Amino acid sequence: MQKYVCLVCGYIYDPELGDPDNNVAPGTAFEDVPEEWVCPVCGVGKDQFEATEG
C-alpha cells in the first residue's frame with residue numbers, strides 16, 4: 001500500500017501501521033482514513049498529504 005507524507009511536518013502515514021492512537025486500524029489505506037482525521041504530529045488535514053515512494 002502507498003505511504004503518504006505530511007507536507008507540513010514530514011510525518012509519514014504508513015497504511016501497514018495505521019494510526020491506532022487516533023482510531024485508524026493497521027491495514028487502513030490512506031483513502032479509507034476518515035476525512036476528519038488530522039496529522040498526529042502537526043494537526044493538518046488529509047489535504048496536506050501527498051503520496052511518497054518512501
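**Exercise 1. State how many helices and strands the chain has, and in which order the elements run.**

Solution. The chain of this predicted model has zero helices and three strands. Read from the N terminus, the order is β-β-β.

**Exercise 2. Decide whether the radius of gyration of the chain agrees with that of a compact globule.**

Solution. Step one: a compact globule of 54 residues would have a radius of gyration near 10 Å. Step two: the chain has 10 Å, so the value agrees with the expectation. Step three: for the overall dimensions, the C-alpha atoms fill a box of roughly 25 × 25 × 15 Å along the principal axes.

**Exercise 3. Describe the burial, surface and contacts of the chain.**

Solution. Of the 54 residues, 35% are buried. The accessible surface is about 3,400 Å², and carbon and sulfur atoms account for 47% of that area. Where contacts link residues at least 6 apart in sequence, 44% of them join residues at least 24 apart.

**Exercise 4. Work out whether the annotated binding-site residues are scattered or gathered.**

Solution. Step one: the unreviewed UniProt entry carries the annotation "binding site" for C6, C9, C39 and C42. Step two: these residues span 37 residues in sequence, but no two of their C-alpha atoms are more than 8.9 Å apart, so they gather at one spot.

Step three: place two of them and list their contacts. C6 belongs to strand β1, residues 3–6, while C9 sits in the loop between β1 and β2. Leaving out neighbours within four places in sequence, C6 is in contact with Y11, C39, C42, V44, Q48 and F49. With residues up to four places away not counted, C9 touches C39, V41 and C42.

**Exercise 5. Sort C6, C9, C39 and C42 into buried and partly exposed.**

Solution. The cut-off for buried is under 20% relative accessible area, and partly exposed lies between that and 50%. C6 has 2% relative accessibility and therefore counts as buried. C39, with 3%, is buried. C9 has 34% and is partly exposed. C42 is partly exposed at 33%.

**Exercise 6. Determine how many disulfides the model has, and how the sulfur atoms of C39 and C42 bear on this.**

Solution. Step one: a disulfide is a covalent bond between the sulfur atoms of two cysteines. Step two: the cut-off applied here is a pair of cysteine sulfur atoms within 2.5 Å. Step three: by this rule the count is zero. For C39, the nearest cysteine sulfur is that of C9, 3.7 Å away, and C39 is in no disulfide. For C42, the nearest cysteine sulfur is that of C6, 3.7 Å away, and C42 is in no disulfide.

How values were computed. Residues are numbered from 1 along each chain as its sequence is written. This is a predicted model: local features need pLDDT of at least 70, side-chain atom pairs count only at pLDDT 80 or more; totals for chains, interfaces and linings use all residues. Side-chain values use heavy atoms; hydrogens and water are left out. Helices (H or I, at least four residues) and strands (E, at least two) are DSSP runs, numbered from the N terminus. The radius of gyration is taken over C-alpha atoms; the globule rule is 2.2 Å times the number of residues to the power 0.38. Buried means under 20% relative accessible area, exposed over 50%, partly exposed in between (1.4 Å probe, protein chains only). Contact means heavy atoms within 4.5 Å. Accessible areas come from the Shrake-Rupley method with a 1.4 Å probe; for residues, only the protein chains shown count as cover. UniProt positions are given in the numbering used here, feature names are shortened, and annotations may be inferred rather than shown by experiment.
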